Amino acid sequence: MITKELWDAIYREQIADGRKRLGPPPTFEDVETLSRGELSEPEAHRVRELLSYYPDLLRVFTEPLPASAEGVLTDEELATDLAEIRSRLRGGPISRHEAARTRPAWRMLAIAAGVVIAVALGGIGVWRKTTQQRPLLTVFIYPEASRGIDARGLPGVTPAGISTDADYVLNPVFESRRQYREYRLELLDLATAPPKRLWLRDGVARQPDDTYPVRLSTKDLEPGLYRLVLYGVDETVEQLAEYTLRLKAD
Amino acid sequence: MRDDREELYEELLRYYPAVVSQLRKLGFDHEDARDLAQEVFCRVYEHMDAYRAESKLVYLQTVTRRLAYNELRDRHAAKRQGIHVDTNEVVDLQDGRDEAADQRLERHESLQRLRVAVSQLPPNEREAIRLQLSELPLEEIAKAIGITVSALKSRLHTARKRLRDVLGETEGLGGPDDH
């Protein structure tokens, strides 16, 4: 017999699979445009499908402002909150919400500025290939900030810049207490919608400094935006981090 | 701030508890809902020029939805980056050790039949089933995703018929069967 419990299990499977396969949810602006009927049919189909895998986000558009909110706040809480709003509007202290979002310093370095390049030069990590004129550079890249990402995953903050006249050893940084059986890296071309996979590397090794080095040759790539995706592999494949790269012609 | 805007803003502030309540229903805990509601009203104040007096509630609703949506979306991004996983959302895999072996086998076989049946549905019908399983009101879903209620119910009806033909029943699916 097909019970509700089995339907729930299938639903969870669908949600997990869809999120992995299709990536991040649509932006608020995309959903607003969808609900107004102003998207093209292919775009509408894409946004609708994505949204169906994120019921909590869909719910934002289905849950109305309640007619009554009695008992939600105590009188003291209401007075405190209204005073905080007025204080902020007069240039007062930030809210607890903003304070709670302040991350430890090391995360601020990694996240607040978006993707950061740290090029290791000199005797630490740069060496030149004498047989070819293309230099091989080592770069460290960090997971991009989540804000500012538009519907196609293009970042609103500055991505890591790389050049067509060099090859790279990319060191994506990702710290996690969990250790996976193995790691996988995928390179996507963001010029297409949906992004096109260019390559997939299995068996990527996690280094003691929480990097997952991989070599990237830019020789045959067109200038534009690319995304490197890090996955952890155990019984299932879990997406861990995304890094956006801007390839510039030199 | 001009007096008329001040008055308008004070009127909107009366909806503060309602905004907190709405945010609670969207899954935010009490403290986060209060913090986010404060952010809503600060944004409303900052953009009062964009506001048309006759649609003050719509405007408030839009700002609330935008902030709530972006916050939830950020939390999904944080999960993808492995920064945070809400333990409430960890899939609760049923421990079948208390079941008899034949019951476990039957459940496994039923799950597999259901999995295959759903995978064989056309994409828009599979999507309709997913939306049904979200347990959100169909009329509101249809409005949010820009299709008519009748179109959504029609897809559901066709999907359920297909599933019944394959599985023999759709007992546990719930929701309306006819449109």
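Me: How many of the contacts in chain B with a separation of 6 or more come from residues 24 or more positions apart?

Reply: Such residues account for 55% of those contacts. Do keep in mind that this is a predicted model.

Me: Thanks! What secondary structure makes up chain B?

Reply: Chain B has 8 helices and 0 strands, and its pattern along the sequence reads α-α-α-α-α-α-α-α. Of its 179 residues, 45% are buried.

Me: Why is Gly27(B) called exposed?

Reply: Its relative accessibility is 58%, and exposed means over 50%, so Gly27(B) counts as exposed. Gly27(B) sits in the loop between helix H2 (16-25) and helix H3 (30-46) of chain B.

Me: Where does Gly27(B) lie with respect to Ala68(B)?

Reply: Gly27(B) and Ala68(B) are 41 residues apart in sequence, and their C-alpha atoms are 9.7 Å apart in space.

Me: Let's move to charges. What makes Glu39(B) and Arg43(B) a salt bridge?

Reply: Their closest N and O atoms are 3.0 Å apart, and the cut-off for a salt bridge is within 4 Å, so the pair qualifies. Both residues belong to helix H3 of chain B, 4 residues apart, about one turn of the helix.

Me: Are the two partners, Glu39(B) and Arg43(B), buried or partly exposed?

Reply: Glu39(B) has 8% relative accessibility, and buried means under 20%, so Glu39(B) counts as buried. Arg43(B) has a relative accessible area of 31%, which falls between the 20% and 50% limits, so Arg43(B) is partly exposed.

Me: How do you know that Lys143(B) and Glu140(B) form a salt bridge?

Reply: The N to O distance between their side chains is 3.6 Å. That lies within the 4 Å cut-off, so this pair counts too. Both residues lie in helix H7 (residues 138-145) of chain B, 3 residues apart, about one turn of the helix.

Me: Why is Lys143(B) called exposed, and why is Glu140(B) called partly exposed?

Reply: Lys143(B) has a relative accessible area of 55%, and the exposed class begins over 50%, so Lys143(B) is exposed. Glu140(B) has 25%, and values between 20% and 50% are partly exposed, so that is the class of Glu140(B). Elsewhere, salt bridges that share partners join Glu77(A), Asp81(A), Glu31(B) and Arg34(B) into one network.

Me: What makes Arg66(B) and Glu29(A) a salt bridge?

Reply: Their side chains meet at 2.3 Å, N to O, and the limit is 4 Å, so the pair fits the rule. The pair crosses between chains, from helix H4 (residues 56-80) of chain B to helix H2 of chain A. Arg66(B), at 27% relative accessibility, is partly exposed, and Glu29(A), at 37%, is partly exposed.

Me: How many salt bridges are there across the interface of chain A and chain B?

Reply: The rule finds 9 across that interface, while the structure holds 29 over all chains. Another pair is Glu13(A) with Arg115(B), whose closest N and O atoms are 2.5 Å apart. There are also 22 residue pairs in polar contact across the interface, counting those with both residues at pLDDT 80 or more.

Me: Which helix gives the most to the side of chain A that touches chain B?

Reply: That is H1(A), with 11 residues. By class, this side of chain A has 37 nonpolar, 11 polar and 25 charged residues.

Me: How many residues does each chain bring to the contact, and how much area is buried?

Reply: Chain A brings 73 residues and chain B brings 75 residues. Between them the chains bury about 7,300 Å², 59% of it on carbon and sulfur atoms. Ile2(A), Trp7(A) and Leu65(A) supply 11% of the area that chain A buries against chain B, more than any other three residues.

Me: Last one: which residues have the most contacts inside the largest nonpolar core?

Reply: They are Trp7(A), Phe41(B), Val44(B) and Ile129(B), in a core of 73 residues. Leaving aside neighbours within four places in sequence, Val44(B) is in contact with Tyr9(B), Leu12(B), Tyr59(B), Leu60(B) and Val63(B). A second, separate core of 27 residues includes Val139(A), Trp199(A), Val204(A) and Ala241(A).

Conventions
Residues are numbered from 1 along each chain as its sequence is written. Chains are lettered from A and ligands numbered from 1 in the order in which they are written. This is a predicted model: local features need pLDDT of at least 70, side-chain atom pairs count only at pLDDT 80 or more; totals for chains, interfaces and linings use all residues. Side-chain values use heavy atoms; hydrogens and water are left out. Contact means heavy atoms within 4.5 Å. Buried area is the accessible area (1.4 Å probe) that two parts lose on being put together, summed over both. A polar contact is a pair of N or O atoms within 3.5 Å; within protein, one must be able to donate a hydrogen and the other to accept it, and residues adjacent in sequence count only if both atoms are side-chain atoms. Helices (H or I, at least four residues) and strands (E, at least two) are DSSP runs, numbered from the N terminus. Ala, Val, Leu, Ile, Met, Phe, Trp, Tyr, Cys and Pro count as nonpolar, Asp, Glu, Lys and Arg as charged, and the others, Gly among them, as polar. A nonpolar core is a set of buried Ala, Val, Leu, Ile, Met, Phe, Trp, Tyr and Cys residues joined through side-chain atoms within 4.5 Å. Buried means under 20% relative accessible area, exposed over 50%, partly exposed in between (1.4 Å probe, protein chains only).
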